[in-house]
Amino acid sequence: MNSARITVPLHVIAHGRSGDKGNRLNVNVIAYQPQYWPILLEQVTAARIAELFAHRGATNVVRYELPKLQALNFVIDDALEGGVNSSLSLDTHGKTLSFLVLDLPVELPLQTLPAGRTIRADQPNLDPVMGGVDNE
């Protein structure tokens, strides 16, 4: 059995959407395939998301699990600099903030890497745990 593992950005195995309600940000993370759902549950935690948004002043993160959709919904308080009417941010609605989450590193078994993805040691944002790996 191959136990090689690889660290990849979350966007390799999931996609996301985000939006706002006042100063509260909602970020959804949806697995591309059912095999990635357990990885999301295990590694994309409220604590990791809180750490990711700490620089924006987030005070609380609640994670909601939607197993039938193989999705997670994060509600992040105080992450939008006061909200659409108060913030000086270019993205007052937080629409681009799902990309911040989708860059979160996750570890997965090499054999679950999506078909057609080739991982090389010199690729940015793809950090092979086992050294240079080519899965073609």
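**Entry 1: aspartate 77**

I started with aspartate 77, which I found in strand β5. I kept in mind that this is a predicted model. Is aspartate 77 buried or exposed? Its relative accessibility is 16%, and buried means under 20%, so aspartate 77 counts as buried.

Next I looked up what aspartate 77 touches. Leaving aside neighbours within four places in sequence, I got Asn23, Arg24, Gly57, Ala58, Thr59 and Asn60. One of these contacts, Arg24, also turned up in my salt bridge search: the side chains of aspartate 77 and arginine 24 meet at 2.6 Å, N to O. That pair links distant parts of the chain, since aspartate 77 sits in strand β5 and arginine 24 in strand β3, 53 residues apart. I checked the partner too: arginine 24 has 40% relative accessibility, so arginine 24 counts as partly exposed.

**Entry 2: the other salt bridges**

How many salt bridges does the structure hold? I got 3. A reminder to myself on the idea behind them: side chains of opposite charge can pair when their charged atoms come close.

Another one joins the side chains of glutamate 107 and arginine 5, again with 2.6 Å from N to O. Glutamate 107 lies in strand β6 and arginine 5 in strand β1, so this pair ties together parts that are 102 residues apart in sequence. I looked up how covered the two are. Glutamate 107 has a relative accessible area of 29%, so I wrote down partly exposed. Arginine 5 comes out at 30%, which is partly exposed as well.

Then there is glutamate 65 with arginine 63, whose side chains meet at 2.5 Å, N to O. Glutamate 65 is partly exposed at 46%, and arginine 63 is partly exposed at 22%.

**Entry 3: the whole chain**

Time to zoom out. I counted 3 helices and 7 strands in the protein chain. Reading along the sequence, I wrote the pattern down as β-β-β-α-α-β-β-α-β-β. The chain has 136 residues, and 44% of them count as buried.

I also looked at who touches whom across the sequence. Taking contacts between residues at least 6 apart, 62% join residues at least 24 apart. As for the outside, the chain exposes about 7,600 Å², and carbon and sulfur atoms supply 53% of that.

**Entry 4: the nonpolar core**

Which residues have the most contacts inside the largest nonpolar core? My list reads Leu10, Ile13, Leu40, Val44, Ile49, Phe53 and Ile76, in a core of 33 residues. The elements that give two or more residues to this core are β1 (5-9), β3 (24-31), α1 (37-43), α2 (46-52), β5 (71-77), α3 (98-102) and β6 (105-109). The largest share is from β3, with 4 residues.

I picked leucine 10 for a closer look. Not counting residues up to four places away in sequence, leucine 10 touches Val29, Leu40, Val44, Val101, Leu102, Asp103, Leu104 and Val106. Of these, Leu40 and Val44 are on the list of residues with the most contacts inside the core.

**Entry 5: the surface**

Now the outside. I found a nonpolar patch on the surface formed by Tyr64, Leu66 and Leu69, with about 290 Å² of accessible area together. Where is leucine 69 found? I traced leucine 69 to the loop between β4 (60-66) and β5. Its relative accessible area is 56%, and exposed means over 50%, so leucine 69 is exposed.

Serine 3 was next, in the segment before β1. With 60% relative accessibility, serine 3 counts as exposed too. I also noted its distance to glutamine 111: the two are 108 residues apart in sequence, yet 8.7 Å apart in space, C-alpha to C-alpha.

**Entry 6: how sure is the model?**

Last, the confidence values. The mean pLDDT of the chain is 77, and 70% of its residues reach 70 or more. Which elements have the lowest and the highest mean pLDDT? Strand β7 (residues 127-128) is lowest at 40, and α1 is highest at 97.

I marked two stretches in my notes. Over residues 85-94 the pLDDT is below 50, and this stretch has 19 contacts in the model beyond near neighbours in sequence. Over residues 124-136 the pLDDT stays under 50 as well, and there the model has 34 contacts beyond four places in sequence.

How values were computed. Residues numbered from 1 in each chain as written. Predicted model: local features only at pLDDT ≥ 70, side-chain atom pairs only at ≥ 80, totals over all residues. Heavy atoms only, no water. Core = buried A, V, L, I, M, F, W, Y, C linked by side-chain atoms within 4.5 Å. Buried < 20%, exposed > 50% of the residue type's maximum accessible area, 1.4 Å probe, protein only. Contact = heavy atoms within 4.5 Å. Areas by Shrake-Rupley, 256 points an atom, 1.4 Å probe, with all protein chains shown as cover. Patch = residues over 30% accessible without salt bridge, like charges linked within 9 Å, V, L, I, M, F, W, Y side chains within 5 Å. Salt bridge = Lys/Arg side-chain N within 4 Å of Asp/Glu carboxyl O. pLDDT = per-residue confidence, 0-100.
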